Amino acid sequence: MEAFRLAWLGRKNGRLKLISDAWLKVAPIEAKRLIGQRFNALKVSIEAALSEAENSQVWNLLKSDFTAAALDVTLPGTLRRPGVEHPLVKTMAEIVGVFGRMGYSVGLGPEVETDFYNFESLNFPPNHPARDTQDTLVIADQDNKPLRDRLLMRTHTSPVQIRSMIEQEPPLRLVVPGKVYRNEAEDATHLARFQQVEGLCVDSNITFSDLKGTLDHAMKALFGSSVKTRFFPSFFPFTEPSADMQISCIFCGGKGCRKCKHSGWIELLGCGMVDPAVFQAVDRKRVELGRAPAYDTARISGFAFGMGVERIAMMRYGVSSVGLFYTADMRFLEQFA
Ligand code: DAH
């Protein structure tokens with residue numbers, strides 16, 4: 001194209017220049033108009049040919065780009081990998097699902113709670129040492145409020161039991177998944193923010209057998225039908241009697257190994273029969289809010305339980321350090337995809 005341009009339009013030796021010198025410039029006056037017109041027509045057609053060539057060259061370049069990159073069907077496509085549930089979310093959903101199939105609904109509550117819902121209504125007296133076991137993270141500048149109204153990060157999901165009973169009359173069956181916060185020194189098995197699933201079942205004639213049967217079924221559904229459960233006396237202010245539930249070690253089947261400290265059993269959750277003091281606190285609050293009392297302790301009973309989701313996920317997936325769940329490290333997370 002450049003050779004064509006030089007041959008016709010070159011300033012020194014282009015043919016148009018030669019034609020102009022040899023014909024146009026020396027033409028007699030009476031022929032100048034006609035020769036001028038023909039000269040201009042020639043010039044226009046040369047320039048048109050040139051710009052057409054230029055255009056088609058650009059087009060060809062574009063075209064070759066398309067075929068080389070975008071339209072090369074032999075290249076692998078851009079891989080879009082589907083997202084999957086985080087192992088903690090998955091574990092939480094499975095726990096909730098097991099209880100869902102037993103007729104439990106899901107309850108939720110705020111992560112910033114008042115002292116009343118987190119402690120007082122759950123039968124933790126003020127200054128009671130049981131509060132110390134929960135290493136509470138409190139919201140700053142609350143000292144001018146009465147204790148029960150002071151805000152804190154909930155230390156357990158149990159306050160949602162209270163909120164739910166204030167809202168609903170028995171019978172009641174619900175599970176409460178959610179984040180909780182404690183001022184913990186973090187290590188391989190403890191974090192300052194972790195997740196729990198709380199459970200509550202309230203009706204007339206609910207007994208400790210119902211608690212045992214329900215949790216035994218849930219553990220078999222979560223860990224396999226050969227898993228056994230057993231219950232040990234414990235203490236929580238909001239249950240009486242209280243128990244710690246253990247399952248037979250899922251690693252050794254109960255024979256004894258390092259994971260179960262050679263006992264054959266692993267402690268998994270806290271539970272118990274709802275303390276009458278809790279029902280009374282609920283009814284006092286219902287009355288305060290203009291509702292009818294509904295939790296007559298002569299007629300109504302219930303059980304409750306609470307479990308740590310991280311601990312269950314660690315056991316199910318064989319994870320040895322709880323912090324891994326929160327690192328967002330793809331090499332770790334991909335293993336659960
Ligand atoms: N809230 C207790 C904790 O965080 C766990 C718990 C124990 C919940 C017994 C319950 C229960 O509902 O009945 O340590």
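A molecule sits in a pocket if more than half of its atoms lie within 2 Å of the pocket's grid points. A pocket is an open set of such points, with protein on both sides within 12 Å along at least five of seven lines. The model used in these exercises is predicted.

**Exercise 1. Locate the ligand and describe its shell.**

Step 1. Start with the site. The ligand sits in the largest pocket.

Step 2. Count the neighbours. The ligand is surrounded by 15 residues. The closest are His156, Ser158, Arg182, Gln196 and Glu198.

Step 3. Sort the shell by class. It holds 8 polar, 5 nonpolar and 2 charged residues.

Step 4. Map the shell onto the strands. At least two shell residues come from each of strand 5 (193–204), strand 8 (265–274) and strand 9 (300–308).

**Exercise 2. Find polar contacts to the ligand, then state how much of the ligand is buried.**

Step 1. Set the cut-off. A polar contact needs a pair of N or O atoms within 3.5 Å.

Step 2. Check the ligand nitrogen. One nitrogen atom of the ligand lies 2.9 Å from a polar side-chain atom of His156.

Step 3. Check ligand oxygens. A polar side-chain atom of Gln161 is 3.0 Å from an oxygen atom of the ligand. For Glu198, an N or O atom of the side chain lies 2.5 Å from a ligand oxygen atom.

Step 4. Turn to area. Alone, the ligand exposes 350 Å², and the protein buries 92% of that.

**Exercise 3. Which peptide bonds are cis, and where do Pro171 and Pro241 lie?**

Step 1. Take Pro170 and Pro171. A cis peptide bond joins them, with omega about 5 degrees. Pro171 belongs to the loop between helix 7 (159–167) and strand 4 (172–181).

Step 2. Take Glu240 and Pro241. They are also joined by a cis peptide bond, with omega about -5 degrees. Pro241 is in strand 7 (residues 239–248).

**Exercise 4. Asp141 has a positive phi. Give its value and place the residue in the chain.**

Step 1. Read the angle. Phi of Asp141 is about 60 degrees, although Asp141 is not a glycine.

Step 2. Place the residue. Asp141 lies in the loop between helix 6 (129–132) and strand 3 (151–153).

**Exercise 5. Divide the chain into domains and state how far apart their centres are.**

Step 1. Use the domain assignment. It gives domain 1 (2–67) and domain 2 (87–336).

Step 2. Take the centres over C-alpha atoms. The centres of domain 1 and domain 2 are 89 Å apart.

Methods: Residues numbered from 1 in each chain as written. Predicted model: local features only at pLDDT ≥ 70, side-chain atom pairs only at ≥ 80, totals over all residues. Heavy atoms only, no water. Near = heavy atom within 4 Å. Polar contact = N/O pair within 3.5 Å; in protein donor to acceptor, adjacent residues only side chain to side chain. Areas by Shrake-Rupley, 256 points an atom, 1.4 Å probe, with all protein chains shown as cover. 1 Å grid on protein atoms, 1.4 Å probe; cavity = no way out; pocket = protein on both sides within 12 Å on 5 of 7 lines; lining within 4 Å. Helix = DSSP H or I, 4+ residues; strand = E, 2+ residues; numbered from the N terminus. Nonpolar A, V, L, I, M, F, W, Y, C, P; charged D, E, K, R; others polar. Domains from an automatic or database assignment.
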